Amino acid sequence: MLRNDFVRRMESPGGDKRGSRSLHIDLPLLLILISLCGVGLLVLYSASGQNLFYVKRQALLMLIGFGAMFAVAQFPMRFWERWSFVFYGIGLMSLLAVLFFGVGAKGAQRWLDLGFTRFQPSELMKVAVPMMVSAYLGKRYIPPTFSHVVMVLIITFIPVLLIVRQPDLGTALLIFASGFFVIFLAGLHKRYLLSAFLLALAAIPTLWIFVMRDYQKQRVLTLLSPEDDKLGAGWNIIQSTTAIGSGGWSGKGWTLGTQSQLNFLPESHTDFIIAVLAEEFGLIGVMTLCTLYALLIGRCMVIALNSQSQFSRLMAGSLSLTFFTYVFVNMSMVSGILPVVGVPLPFISYGGTAIVTLFLGFGILMAISTEPKRLRIDL
Amino acid sequence: MINDAAFSDPARERRIFAGRLLISVFLVFVTGLVVVARYVDLQLTRHKDFATHSDNNRVHVRPAPPSRGLIYDHNGELLADNRPIHILTIVRERSDDLDQLLSTIDTLIDISENDIKRFKKRLKRRKPYEQTPLKYDLTERERGILAVNGYLLEGAEVSARLMRFYPNGELFGHVIGYVGRINERESQTIDSVKYSGTDSIGKTGLEKFYESQLLGEVGSEHVETNARGRVMRVLDNIDPQPGNNLTLHLDSRLQRVAHEAFKDERGALVAIDVKTGGILAMVSAPGYDPNLFTSGISQRNYDSLLNSPDRPLFDRAIRGQYPPGSTIKPLFGLIGLHSNTITMDYAIDDPGFFIMEGIERPWRDHNSKRGGHGKGVDLAEAIIESCDVFFYKMSIKTGIDLLSNYSEKFGLGQTTGIDLPGERPGIMPSKQWKKGARGQSWFNGDTINTSIGQGFMLATPLQLAVMSARIASRGKMVTPKLVKSINGETLVSNEIPEPLAINSEHWDYVHKAMKDVVHSTRGTAKGISKGLSYKIAGKTGTAQVISIKAEEEYDSSRIDKSQWDHALFVAFAPAEDPQIAIGLIVENGEHGSSAAAPIARLVIDVYMNSNTGSHQAAIAEVVN
């Protein structure tokens, strides 16, 4: 390990000042992201019923996203570490504001109306929470002690509870996961893991009875037996699995998916877009997308492994695992492994702020990847 | 905040992190594999099931209803047409809130309470996912409004379909009948495949009798529908075969003139082509507009038709059974001659009444002033002046058996076999009939009543026309038929049985007597002979509605019109070479001579005039 460090530094003498690195761009990451966005726009065109309006808007948001990513990448990690407390604070305030002044639809109150645009504070927290937790643990011994664990739980649970109140159980769980990933990567002791696991088991009935709303319970029940409610909640699952299954090995062809083009598939251009891809491009298409995701996550983990500080490491690791979780949860819910929670498929699903948030995360990862090597005296 | 990083051991921290990252990679790999396995399972292992399910989702076989065969009259005039209309339908399953939808529609276009009531009734009988009609025959403006507001109307749809239309309204109502929505009883007996996509069926008249010809063959369309059931494209289709077109013997000009001649009277007229048995005109008055029934008649309209004292729905021409009265006399006279019961020289003295041995009550002569027709009344005079006493005497000599047997050969007492449903047989009484129907034996008095077409005897106007045609054609056993050709192919008429073997002298005698009914100065129908350029042979008749006691005088001014006598007339023309034969009745018209005969003359006039013009034949040629 020590020697490796030394060797790597020797292999790229003065690399800090050359090419993409000086622009704080991680080229492999950028190429994978561009490929994903390309696939995303291609599928979106078909999924939206060949509606160029959606494609153009999505492309615009992606461009904004890339811009935001480059901007974020320019700031040194020291900056993010120092100011994470502020971002977290702003996030909390806006979550509170949502509770009182929020707008929304279908019984959920998730948005802040800023006049010129609508803004979803929970999206911000997807980056702010792991950053805050990483910053907190980055300055401390690892593995974390009991008091550190308590502190991390507090940092994580305040926003999570606020988001549960909206209610947006899916996002709350993902944000909790992002905080948890940080402390897990920081070497959380096995006994905490075990007790957390047991606690979670015990919490399920409590959640079921006191926290979950009827429609959320319905989604879980539907997952267990979609056939019970063919035209109601089960419809989505039946139609999406039918779309995926009927795609077969090579798919029905771009824009030729009958399930999606004839509106059998619900939410085909947002949360359920993977079913469109699976129907029209078959298993080959799904595998191609999975490969892109795997490359992306792999690259992020390499960045995490090679990062210069504890904060960067934890941050990069948490972001990559969170990203994987998005992909996993979305692909699982559409194919009927998990209950339907509102999690979009990164870079493929149509959706405003979620796209930009994603790019913010990858901006941080680029910043980490292109950090100047810290001179370290390894004895 | 304590910064303990200063005391940290970076190498150990990296090691811990690397270890945890490794575990994470492992977990990511395993969970990722689960997802991939799920997609492989769905897309490869279970692909076939899902492909089938996906096709079932989108592809539906939709019946393509055939267009119903058209009906033309003899000259090619369209009597039953299919008119494209637009209807507003609702598929119950596709509407989340039906009441909401109905009230939304109500705010957009005019929907009557009746429409809603009938819609709800249909809703109870529909199949799942069936389009249930809410409003028929939308105007262009209504369609526009509905199209613009389509997004508000999930579950409602405007669709085009063909609806039966009868351009002549009530003129042919009874003959052609009408189509109506298939009811529950019918839906159990019909072949549901043939009728898929068709929601109406012939209910009465020719529409019912020729249902199988008119229906056509259903086609099919494989259509791709979206999740809301809207058809996106047609993948494959088998065209429906339209129903066969019928061309009738009916001549709409004769029909029209007969229909109008009845004015406000109740009654019926049937005109037959003597040579072929083709029905040239068939009117039952009053009529009704069959168009009322095609989209489902409203209860109010139906009640008013049903409860009208004039009974417009009753087809008198084939279902009305009346005592034929004196119109039967030429036939009975012919039977008397043929059976040698009487001769052409046979004559009686008529005192104005007839007394039979052993019966105190005399039979009066209804058609003479007191004092009777005088001495030396022969058969010709008895027909011309309609002398009852002659027939009383003759019938006793002939006996009911002969009268009954021969009358049946002329179409009485049995259905004629016309191509219409619901024809009634009338009654030609006989000893056997009385035993069966009444359980009583036959008396001579019954024979005497029968001899002037009263008593038990009943005949439909159609039977009178057939009788008249068979007399006119000297015993040719023609069967009445409405349809002349199907899709241009002339129907091969059933083999006409051998004409009755009756001495031609007897035919000549009876024909001449009937001609003299119209053309002699003593004839009961002499009133219609004025200005005739050809000769009509006929016989008037009067049928009693209530029985008048022998000593009483019939006085129409003292009784209600509904109890006035029925007026009847049978005729054929031209008398020398008969072509058209007619049977008709005017209910409560009192006298055949004044109420019925003029109507017959109008119809025959039109027939004779149009038949001389050769261009009519040319038109018929072109149409067929």
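Which residue is the bridge partner of Ala571(B) in β21(B)? In this predicted model, the bridge partner of Ala571(B) is Ile582(B). The pair belongs to the antiparallel association of strand β20 of chain B, covering residues 566-573, with strand β21 of chain B, covering residues 580-586, and the two strands are joined over seven bridges.

These two strands are part of an open sheet of five strands in chain B, in which the order is β12-β11-β21-β20-β19 and the pairing is antiparallel. The edges of the sheet are formed by β12 (279-285) and β19 (537-543) of chain B, and because each of these has a single partner strand, one side of each is left without a neighbour in the sheet. From one strand to the next, the twist averages 5 degrees. Helix α10 of chain B, which spans residues 252-261, lies across β11 (267-273) and β12 of chain B, and runs at about 25 degrees to β12(B).

In chain A, a helix pair was examined. Helix α5 (residues 77-101) and helix α6 (residues 121-138) of chain A have axes that come within 8 Å and cross at roughly 140 degrees, and the crossing of α5(A) and α6(A) is left-handed. On the side of α5(A), the residues that meet α6(A) include Trp80(A), Phe85(A), Phe87(A), Tyr88(A), Leu95(A) and Val98(A), together with Gly91(A) and Ser94(A). On the side of α6(A), the residues in this contact include Pro121(A), Leu124(A), Met125(A), Met131(A) and Met132(A), as well as Ala128(A), Ala135(A) and Gly138(A). Classified by residue type, the contact of α5(A) with α6(A) comprises 13 nonpolar, five polar and one charged residues.

The contact between the two chains takes 42 residues from chain A and 40 residues from chain B. On the side of chain A that touches chain B, the elements giving two or more residues are α8 (169-185), α11 (234-247), α12 (258-261), α13 (273-305) and α14 (310-334) of chain A. Of these, α13(A) supplies the largest share, with nine residues. By class, the side of chain A that touches chain B consists of 23 nonpolar, 15 polar and four charged residues.

As to the confidence of the prediction, chain A averages a pLDDT of 85, and 89% of the residues score at least 70. Over residues 1-17 of chain A, however, pLDDT stays under 50, and for this stretch the model has 10 contacts beyond four places in sequence.

Terms used:
Residues numbered from 1 in each chain as written. Chains lettered and ligands numbered in written order. Predicted model: local features only at pLDDT ≥ 70, side-chain atom pairs only at ≥ 80, totals over all residues. Pairing = 2+ DSSP bridges. Helix = DSSP H or I, 4+ residues; strand = E, 2+ residues; numbered from the N terminus. Axes fitted to C-alpha atoms, helices over the stretch in contact; angles between N-to-C directions. Contact = placed C-beta atoms within 7 Å. Left-handed = near helix turned anticlockwise from the far one by under 90°. Nonpolar A, V, L, I, M, F, W, Y, C, P; charged D, E, K, R; others polar. pLDDT = per-residue confidence, 0-100.
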